[in-house]
Amino acid sequence: MHPRQHTIFALSSGRPPSAIAVVRVSGPQAGPALAALAGKMPAPRLATRVLLREVNQQPIDDAVVLWFPGPASATGEDVAEFHIHGGRAVLAALVAALSDFADMRAAEPGEFTRRAFENGKLDLTEAEGLDDLIHADTDRQRRQALRQLKGLLGDRARTWRDQIIEASALIEAGIDFSDEGDVSAELIAPARAKIETLLGEIEDVLAAEGRSERLREGLVVAIAGPPNVGKSTLMNALARREVAIVSPHAGTTRDVIEVQLDLDGYPVTVIDTAGIRETDDPVEQEGVRRARARAAEADLVLWMSDPQRDEAPEQDAAPVWRIRNKIDLHAARPDAGRATELAGGLGRSGEGTEFGISASRGDGIVELIAGLVGFAEKYFGSDEGGLISRERQRKLLRETAESLRRSLAVLGQGEELAAEDLRMAAYSLGRLLGRVDVEDILDVIFREFCIGK
């Protein structure tokens, strides 16, 4: 039997124990299994309370069941849902009972969503949006993923593809009437206008500088600097919990420590690195090497210093902010006024930005966080209307735009070549939607899903 003909089941709610657990079943045996365990067939899409029983009539649980006959279901197949009490023993008993049915097996990661895609319930951009929604850590990521799930890019791509087909039909009709010059010209002109308008729309989408992709991946901020200037203390202050060991001894941080933060809805990964200095300790040398490497890969570097170690930043691969720590220990110094001014937060992003803080006491931390939020807003862009959320989508839209440019270049010189370029553009959009020749990427996309989705 082909794997797609199997009936699949999985826990689709949180890990037990929980108040309620939801087990979904999809496939041709969903109905018979539901009738056998519930003792009757409930009305479609109506929550029904039943006593679930095993085949030998031993009770499993007092539960609520739902029946969604295909194709009017989430997967396009017959779907049954069992809402049971979320204890491990109850779940194990139901799973064992389902496993006893012929041609029924546990679902693989993403298999429910893949079946929905294969049955035309959603396109590939919507499936990617669903995956992003499941893995969203911040509110802005959630909103972006929800727009994709609702078909923001897919609907536009389908409209673009229809327009390409219309333009192609005009060009091919012009080829058919090529011996009648006036008719051919009258058909080619509106085709050119359609292609130029369509190309402009796609180029506008591509010009969004990858903001949506960056929002999905998040911003990486590295805390770097010499030893014992308060990097780990700042890390703990930003995270509002003890994530890094703080010690007065140099070289305490040997490896890279990461923490995920939600700054006003922006996903930010903050990295605490080993103190950068010359050392004979081979373990600390490796920590320094990793610190330099991660700082070079970061989107923003917070270079920390204090009055005893006011060293210049080592690298300029990313924007560098100077963070002058321990201002509370030198309030009586002549430059204390300047330190206070810095603690007020020169919240501009880019080179030359400085903050004066006391990581241990908390001075200037609020202003620093506000500065990071401002940097993230500029980095990701304030416009949340970006259509592209993955590099795969951007690549296929680039291919579409290039095909459209080629068709415009040869239009009027060789209509057959223009028509072929339009077919290639429509093909690229078909791949974007997952409707043609995408078997090579389906496994990669759907294996990232959790089991039960």
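**Close-up 1. Strands 1 and 2 sit side by side in this predicted model.** Strand 1 covers residues 7–11 and strand 2 covers residues 18–26. Follow the two chains of residues and you will find that they run antiparallel, joined by four bridges. For a landmark, look for phenylalanine 9, which stands opposite valine 25 in strand 2.

**Close-up 2. Six strands make up an open sheet.** Reading across the sheet, the strand order is 3-4-5-2-1-6, and the pairing is mixed. At the edges are strand 3 (48–53) and strand 6 (104–106), each of which pairs on one side only. From one strand to the next, the twist averages 30°.

**Close-up 3. Helix 1 and helix 3 lie across strands of the sheet.** Helix 1 (residues 30–38) lies across strands 1, 2, 3, 4, 5 and 6, and runs at about 80° to strand 3. Helix 3 (residues 111–118) lies across strand 1, strand 2 and strand 6, with an angle of about 135° to strand 1.

**Close-up 4. Helix 4 packs with helix 5.** Here you can see helix 4 (residues 124–134) beside helix 5 (residues 139–149), with their axes 7 Å apart. The angle between them is about 155°, over the 145 degrees that marks this class, so the two helices are roughly antiparallel to each other. Their crossing is left-handed.

**Close-up 5. Residues of helix 4 meet residues of helix 5.** On the helix 4 side, look for Thr125, Glu126, Gly129, Leu130, Asp132 and Leu133. Their partners in helix 5 are Arg142, Ala145, Leu146, Gln148 and Leu149. Sorted by character, the residues of this contact are five nonpolar, three polar and three charged.

Note on methods:
Residues are numbered from 1 along each chain as its sequence is written. This is a predicted model: local features need pLDDT of at least 70, side-chain atom pairs count only at pLDDT 80 or more; totals for chains, interfaces and linings use all residues. Side-chain values use heavy atoms; hydrogens and water are left out. Axes are lines fitted to C-alpha atoms, for helices over the stretch in contact, and angles run from 0 to 180 degrees between N-to-C directions. Angles under 35 degrees count as roughly parallel, over 145 as roughly antiparallel, 65 to 115 as roughly perpendicular and the rest as oblique. A crossing is left-handed if the near helix is turned anticlockwise from the far one by less than a right angle, and right-handed if clockwise. Contact means heavy atoms within 4.5 Å. Ala, Val, Leu, Ile, Met, Phe, Trp, Tyr, Cys and Pro count as nonpolar, Asp, Glu, Lys and Arg as charged, and the others, Gly among them, as polar. Two strands pair if DSSP finds at least two bridges between them.
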